[in-house]
Amino acid sequence: MIEFRTLLYKEVLRFWKVGFQTVAAPVLSALLYLLIFSHVLDAQVKVNGVPYAAFLIPGLVMMSLVQNAFANSSSSLIQSKITGSVVFVLLPPISYVEFFLAYVVAAMLRGLMVGLGVLVVTGFFAPLTFIAPQWILIFALLGGGILGAFGMIAGIWADKFDQLAGFQNFLIMPLTMLSGVFYSIHSLPAFWQQVSHLNPVFYMIDGFRFGFFGVSDVAPEISLMVVAMSFFVVSAATLALLRSGYKLRY
Amino acid sequence: MGVAVSIEQVEKRFGRLQALDGVSLQIAEGEFFGLLGPNGAGKTTLISCLAGLVRPDAGKIRVLGRDVVADYRAARRLLGVVPQELVFDPFFSVRETLRIQSGYFGIRNNDDWIDEILANLDLTSKAETNMRRLSGGMKRRVLVAQALVHKPPVIVLDEPTAGVDVELRQGLWHFVQRLNREGHTVILTTHYLEEAEALCGRIAMLKQGQVVALDTMSNLLAQFPGHTLSVALTADVALPEVLRAQATEVDGRWQFRLAGFEEIEPLLRAMREAGCVIDDMRLAQADLEDVFVGVMQGKGQRAGNENSGVAQ
């Protein structure tokens with residue numbers, strides 16, 4: 001238990017010591033998105049009866065949350081692999097389950113901190129409601145967990161920073177940007193609606209948004225099922241990698 | 001004395017390279033044990049298998065009876081490993097690094113011992129300094145400190161003095177010898193053979209993943225008895241052919257291997273009669289380097305098990 005807590009503490013301290021870059025910067029990016037899009041669209045657009053700026057906020061919160069959860073575990077692992085300092089966590093008696101939990105919980109914490117930061121600063125610009133906070137919380141936790149675990153897979157797999165950047169730019173960015181952060185998928189042509197339904201991030205954002213406004217593109221129970229399933233699949237894959245020692249223990 | 005580390009028929013292959021080819025050795029509790037061999041001989045792979053960083057393809061390794069794979073948590077608590085690469089976590093100070101490392105081994109409130117390690121490694125004044133600001137030698141000391149936070153009964157040092165200045169090297173050995181006297185088993189790999197000769201009670205030599213020599217230091221040195229007479233001549237008269245055949249030329253000096261002191265006088269007489277003038281002369285005893293070169297050139301036989309040393 002002390003082993004797990006120490007690794008978690010170290011992982012949190014790692015991003016907290018460079019908090020300007022890891023927490024403040026993504027909050028500012030999300031705020032800029034909000035200012036630009038809401039300035040252009042707020043007067044003209046309502047989505048599911050919600051003013052556009054208010055509709056956008058939960059999407060931006062969730063997008064920032066999952067992107068930062070992914071960035072945390074993946075960059076921590078690849079940095080320590082490339083510098084060699086990963087031996088400090090491989091030599092001690094830390095089980096692969098503790099290893100998994102520490103990295104994922106730290107990633108969730110960074111994601112939640114960024115998400116909360118985005119919520120606080122963007123909340124000044126639009127009236128928000130919190131109709132079902134339990135949905136907000138559960139989707140925030142699961143979204144952070146999934147991307148935190150996924151970041152571990154990417155960080156373990158990648159040997160170089162550009163491989164990780166490829167992962168981030170060609171997979172995570174499209175999955176999050178095309179998940180209904182900026183629009184309701186009902187506004188898309190039928191084909192792209194179908195494609196969006198294959199994207200787990202869509203369900204994270206849709207369910208998360210339901211918690212605020214009580215309206216969503218699909219029923220929150222269905223979103224929860226998809227998101228929970230994704231969490232178990234990604235976690236099981238990450239645990240299997242760690243157990244095998246893939247690219248960590250040769 | 002119990003067995004601190006037992007290595008049985010360990011094999012490891014990386015692609016086409018057979019890094020370890022059936023390595024077996026036993027290291028007793030309290031030993032100061034040296035692991036020598038040229039680059040690529042398998043020393044670091046063997047240590048990595050012991051530390052759980054590399055998984056052997058075959059064979060078993062136990063630390064104080066605990067299997068490093070099946071019972072890895074117990075085995076790792078018993079081991080303190082100083083890695084060969086100069087690695088550090090740039091986010092933390094020296095003290096934070098050591099506190100975190102203690103926590104990884106399940107230890108809280110370890111500051112008394114951390115302070116003692118810091119004092120012994122002459123790091124007290126750097127305790128609150130960020131790792132990035134330390135010199136290479138200082139970072140190396142922190143690596144040693146990290147390996148000791150959990151007071152491991154078995155300490156493994158993988159080339160700890162590479163690129164380290166003389167003062168630190170001596171300070172480090174002083175501390176490690178003290179730990180050894182207090183009962184810690186020490187396993188050392190090094191390229192500095194004088195260091196191994198001065199410190200280690202027993203030596204294993206690896207070559208291409210196999211143990212080619214395994215014996216006590218005194219037995220190993222006895223394998224290559226005798227002395228070396230090293231002579232520098234003035235340029236006036238060259239060494240006669242008949243004597244050249246018995247000697248090897250090293251840096252402009254002629255070296256004769258002697259089985260005993262009685263061989264000196266006939267050599268000197270032959271030189272005198274040929275008109276050679278001796279400019280400088282030295283007599284040296286065979287050292288570990290001679291043994292190492294001899295073994296690596298195949299003058300010793302492979303040691304298959306714990307009890308066989310280098311055969312004559």
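**Chains A and B: a quick chat**

Biologist: What percentage of chain B's residues are buried?
Modeller: Keep in mind that this is a predicted model. Chain B has 312 residues, and a residue goes in the buried bin when 20 or more other C-beta atoms lie within 10 Å of its own. By that count the buried share of chain B is 39%.

Biologist: How far apart are the centres of domain 1 and domain 2 of chain B?
Modeller: Domain 1 of chain B comes in two pieces, 3-78 + 152-222, while domain 2 runs over 226-285. For scale, the C-alpha atoms of chain B fill a box of roughly 75 × 45 × 40 Å along the principal axes. Taken over C-alpha atoms, the separation of the two centres is 39 Å.

Biologist: Which elements of chain B give two or more residues to the side that touches chain A?
Modeller: On that side, 24 residues of chain B meet 22 residues of chain A. Sorted by class, the chain B side has 12 nonpolar, five polar and seven charged residues. The elements you're after are helix H2 (72-77) and helix H3 (94-104) of chain B.

Biologist: Over in chain A, are H2(A) and H5(A) parallel or oblique to each other?
Modeller: The axes of H2(A), residues 19-41, and H5(A), residues 96-122, come within 9 Å and cross at roughly 40 degrees. The crossing is right-handed, and the contact includes A:Ala30 and A:Leu31 of H2(A) and A:Val114 and A:Gly117 of H5(A). Angles under 35 degrees would count as roughly parallel, so these two helices are oblique.

Conventions: Residues are numbered from 1 along each chain as its sequence is written. Chains are lettered from A and ligands numbered from 1 in the order in which they are written. This is a predicted model: local features need pLDDT of at least 70, side-chain atom pairs count only at pLDDT 80 or more; totals for chains, interfaces and linings use all residues. Two residues are in contact if their C-beta atoms, placed from the backbone, lie within 7 Å. Helices (H or I, at least four residues) and strands (E, at least two) are DSSP runs, numbered from the N terminus. Ala, Val, Leu, Ile, Met, Phe, Trp, Tyr, Cys and Pro count as nonpolar, Asp, Glu, Lys and Arg as charged, and the others, Gly among them, as polar. Domain bounds come from an automatic or database domain assignment. A residue is buried if 20 or more other C-beta atoms lie within 10 Å of its own, exposed if 12 or fewer, and partly exposed in between; C-beta atoms are placed from the backbone. Axes are lines fitted to C-alpha atoms, for helices over the stretch in contact, and angles run from 0 to 180 degrees between N-to-C directions. Angles under 35 degrees count as roughly parallel, over 145 as roughly antiparallel, 65 to 115 as roughly perpendicular and the rest as oblique. A crossing is left-handed if the near helix is turned anticlockwise from the far one by less than a right angle, and right-handed if clockwise.
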